[in-house]
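Me: Could you take a close look at the cysteines with me? I would like to follow them one by one.

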Amino acid sequence: MAKAFFRLQKFLRRTQFLLFFLTAAYLMAGSLLLLQRTRLVIQQGSRGTSTNQALPVLDGMAGVGIIDPRMLQNPRPGPRLLVGMDTLQEPALDQRHSPRWLVSRNSELRQLRRRWFHRFISDQEPVQTAGFKAMKHTTEHKGTYMGCFSDDSRERTLKGAVFYDLRKMTVSHCQEACAERAYTYAGLAYGAECYCGNKLPATASKPEECNSECKGEKGSVCGGVNRLSVYRVEELRAGARRRRNVIYRGCFRAPENLTDTFPASLIQPNLTVEMCSEFCSKKEFPLAVIRGRECYCGYPTGRFSLHDSADGLLCSGMHNASSAAKGKYCLVYQTPVQDTRCTDRKFLTTKSKVFVALSSFPGAGNTWARHLIEHATGYYTGSYYFDGALYNKGFKGEKDHWRSRRTICVKTHESGKTEIEMFDSAILLIRNPYKSLMAEFNRKYAGHLGYATDRNWKSKEWPDFVNSYASWWASHVLDWLKYGKRLLVIHYEDLKQSLIPKLKEMVEFLNMTVTEDRLLCVENNRDGNFKRSGAKQKDFEPFTQEMKDLINRYILTVDEALRGRNFTGLPREYVPR
């Protein structure tokens, strides 16, 4: 009896030890996860922060000073800040400048990342084959389902236009988008990608291989992995035709040999703009060129770059035979078709040896610059932040870890010694602070493509926003000028006015080479999907005189700092206002 009791006691001791060990291991794992999570939150919360809070001011401006917004959260005295050879005393803090806008923005970023991370994880669950039978191909869809086809990204048939919506993609949305651009077929893949074209893919696949559920429409199929669900949208085109935009590009001198310059042509008596545009759209060309009764289709090229337009009077009466006989000038129109020579993008095949930042103050056009860089180089750009809205629109580098070095450069709004010195070099994008502040305020209240309402502008948040963010605009530039190892300074206004020369500078800085035709394609698609839409107020002036005085002082400070580092000063249009 005693022996049996001893064995039981020994077993219980071993079990107790095992339970203790498992409990300790569980607690240690939980602690590590908590520490990692805390580190991520701290990184997210430091967005736009700087370790040095004191900023330089011009002589005679000691009473104004540039205040870093984070000083309001950590009002301890900071060290002196050196810009050039001048040592300047830290300005006094203005207690009226509330920090809640920066706290709100950092909290917003944390919530956005968590929400999109959980949604992304849940979206990755594969569609079960058993549920495939419940999915519908044609119910409530106006187009005709043509079948499931193989999709090869290197030799894609439906490449006339490409759209992404990793949250709300539906069959109808894809069909309408393709129909409005005059395409015959719409193909969906991966549940969220839409491709348009006028030719069916060559290789058919088994119906069950198209098994990805549409992200925005439960029970409907949107292709699969390397598989396209293809619809014919001919039925929609008649209704969509009136919504298509044919844009007049101008009057240009015709090239010497039009048939060599343009791949497709048509001769038609009584030729109209609509007839020529429709013909070129079916051929999937973005340009329709008219000379008399001759219609030509093609792309902007070195022979025909659309950079030097002629007087419109030289093209007047172009549709009659006598004008056609002269053959010196032609009318050019932009068709609804997308120029696809520069739409292919991918991640770097090997890790980049140089870690490059694309740095800007919020609202300075960083997303637009990423669009230009991606289409010019053919490689994705990364981001220090995970913005689901941008990921949905095709910026696939948003979900890639920002330090993966698989992207050509990384978007950041950070400033401060530690954050800046992580990068080997940087493109510093600067925009007029008046425009930047308004763009960021619009983004906060209406997203990337909308406009804030009149009520938003008249609320008390707007002056608080200006007081906090205007100083950040200046401190961001000054920090990068001080701590950046190798900088290329690009002014948003110069990029907008001289796109190809400035884009060439950026591409060369990234150690990439691109063809002239690819740059012309980028210029032809310069706006992408990121022009704001909605009711824009004309002659709207949200800045008070007090705000203007404050911002103008910051402009002068940044201008002096740029010139002190042998960079071009700020464009003259920044001041006075």
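Is cysteine 178 buried or exposed, and why?

Reply: Happy to help! Please keep in mind that this is a predicted model. Cysteine 178 has 0% relative accessibility, so it counts as buried, since buried means under 20% relative accessible area.

Now look at its partner. Cysteine 178 forms a disulfide with cysteine 196, and their sulfur atoms are 1.9 Å apart. Cysteine 178 sits in helix 4 (residues 171-180), while cysteine 196 belongs to strand 6 (residues 193-197), so the pair ties together parts that are 18 residues apart in sequence. The torsion about their S-S bond is about -75°, so this disulfide is left-handed. Cysteine 196 also has 0% relative accessibility and therefore counts as buried.

This pair belongs to a wider set: the structure holds eight disulfides. Let's visit two others.

One of them joins cysteine 214 and cysteine 222, with 1.8 Å between the sulfur atoms. Here the torsion about the S-S bond is 90°, and the link is right-handed. Cysteine 214 has 3% relative accessibility, so it counts as buried. For cysteine 222 the value is 0%, so this residue counts as buried too.

Another joins cysteine 342 and cysteine 521, whose sulfur atoms are 2.2 Å apart. This pair links distant parts of the chain, 179 residues apart. You will find cysteine 342 in the loop between strand 15 (329-334) and strand 16 (356-360), and cysteine 521 in helix 17 (residues 516-524). With a torsion of about -70° about the S-S bond, the disulfide of cysteine 342 and cysteine 521 is left-handed. Cysteine 342 counts as buried because its relative accessibility is 0%. Cysteine 521 is buried as well, with a relative accessible area of 0%.

Finally, here is a cysteine without such a partner. Cysteine 330 is in no disulfide. The nearest cysteine sulfur, which belongs to cysteine 315, is 6.5 Å away. A disulfide needs two cysteine sulfur atoms within 2.5 Å, so you can see why cysteine 330 and cysteine 315 are not paired. Cysteine 330 is nevertheless buried, with a relative accessible area of 0%. You can add cysteine 409 to your notes on burial: its relative accessibility is 1%, so it counts as buried.

To retrace the path, begin at cysteine 178 in helix 4 and cross to cysteine 196 in strand 6. Then find the right-handed link of cysteine 214 and cysteine 222, move on to the left-handed one of cysteine 342 and cysteine 521, and end at cysteine 330, which is in no disulfide.

Notes. Residues are numbered from 1 along each chain as its sequence is written. This is a predicted model: local features need pLDDT of at least 70, side-chain atom pairs count only at pLDDT 80 or more; totals for chains, interfaces and linings use all residues. Side-chain values use heavy atoms; hydrogens and water are left out. Helices (H or I, at least four residues) and strands (E, at least two) are DSSP runs, numbered from the N terminus. Buried means under 20% relative accessible area, exposed over 50%, partly exposed in between (1.4 Å probe, protein chains only).
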